[in-house]
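User: Hi! I have a fold open here and would love to go through it with you. Can we just chat our way along the chain?

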Amino acid sequence: MLKLNLTRRQLLKAGAASAAAAAAPSVAFAKAPDEPARPPVMTKVSFEVNGKPEALELDTRTSLLDALREHLHLTGTKKGCDHGQCGACTVMVDGRRINACLTLAVMHEGDRITTIEGLGTPDKLHPMQAAFIKHDGYQCGYCTPGQICSAVAMLGEIKSGVPSLVSEKLTARPKPSADEIRERMSGNICRCGAYSNIVDAITEVAGRSA
């Protein structure tokens, strides 16, 4: 058995050298100083946004969120964590809610996309928007567009009989109880803590549509 007699200082130096070697880029993949940057790969994509056909030419790496905000200027959809953890970017695609930051725009060719701007207007609010105002379901308002889009789609899931982790029976149509709403809305974070008011707003709309 090989024995190494290393001092603590020598051991630390060896560890630091190993870490530096691992972090250094491989010579085979290193970019030459005079090598020009590669242009992005562009492609055309067409979809319907809030009832209006849209056609864009985008870098294939563009997220749906950035396509909506930066290219179509629909800034109601918010960029929060940009990692799919806060729900601020929630939109509806063909009636189903998704995190727009986690999907590429080019994946939605021909899809029907609805953002908060497509739900209602200041003169004609969607019932969910009106309920959020009535029950003070927002404070700073940053998460509110995602909360509302998620709530509208979530009630559609309940109406279609899609169960959740707290549904009593998988084969029975779930009821829009407070527990169901909290579980289904758990992917939408409100850092201001307006959760009880959000549940009240959704419960009111669910009662009208029941």
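User: What does His-73 do just after α2?
Analyst: His-73 takes a positive phi of about 60° there. Most residues other than glycine have a negative phi. Bear in mind that this is a predicted model, where local features need pLDDT of at least 70, side-chain atom pairs count only at pLDDT 80 or more, and totals for chains, interfaces and linings use all residues. Residues are numbered from 1 along each chain as its sequence is written, and side-chain values use heavy atoms, with hydrogens and water left out.

User: Thanks! And which residues of α2 are buried?
Analyst: In α2, residues 64-71, they are Leu-64, Leu-65, Ala-67, Leu-68 and Arg-69. Buried means under 20% relative accessible area, exposed over 50%, and partly exposed in between, with a 1.4 Å probe and protein chains only. Helices (H or I, at least four residues) and strands (E, at least two) are DSSP runs, numbered from the N terminus.

User: What do those buried residues pack against?
Analyst: They pack against β1 (42-49), β2 (52-59), β3, β4 and β5 (112-114). Contact here means heavy atoms within 4.5 Å.

User: Cool. How are β3 and β4 joined?
Analyst: β3 (residues 90-93) and β4 (residues 96-99) run antiparallel, with 4 bridges between them. Two strands pair if DSSP finds at least two bridges between them. One example is Val-91, whose bridge partner in β4 is Ile-98.

User: What about the turn in that hairpin?
Analyst: The hairpin has 2 residues between the strands, and Asp-94 takes a positive phi near 50°. Asp-94 is not a glycine, and it is partly exposed, with a relative accessible area of 40%.

User: Which residue has a positive phi in the loop between β1 and β2?
Analyst: That would be Asn-50, which sits in that loop and has a phi near 55°. Asn-50 is partly exposed because its relative accessible area is 28%.

User: Switching to helices: how do α3 and α4 cross?
Analyst: The axes of α3 (residues 127-134) and α4 (residues 144-159) come within 10 Å and cross at roughly 125°. That angle makes α3 oblique to α4. Axes are lines fitted to C-alpha atoms, for helices over the stretch in contact, and angles run from 0 to 180 degrees between N-to-C directions. Under 35 degrees counts as roughly parallel, over 145 as roughly antiparallel, 65 to 115 as roughly perpendicular and the rest as oblique.

User: Which residues meet there?
Analyst: From α3, Met-128, Gln-129 and Phe-132 meet Thr-144, Gln-147, Ile-148, Ala-151, Val-152 and Leu-155 of α4.

User: Is Gln-129 buried or exposed?
Analyst: Gln-129 counts as buried because its relative accessibility is 11%.

User: And what does Gln-129 touch?
Analyst: Leaving out residues up to four places away in sequence, Gln-129 touches Ile-116, Leu-119, Gly-120 and Ile-148. Gln-129 and Leu-119 are 10 residues apart in sequence, with their C-alpha atoms 8.4 Å apart in space.

User: Last topic, the whole protein. How many helices and strands are there?
Analyst: There are 6 helices and 5 strands, and from the N terminus on they run α-β-β-α-β-β-β-α-α-α-α.

User: How much of the protein is buried?
Analyst: Buried residues make up 36% of the 210 residues. Among contacts with a separation of 6 or more, 55% come from residues 24 or more positions apart.
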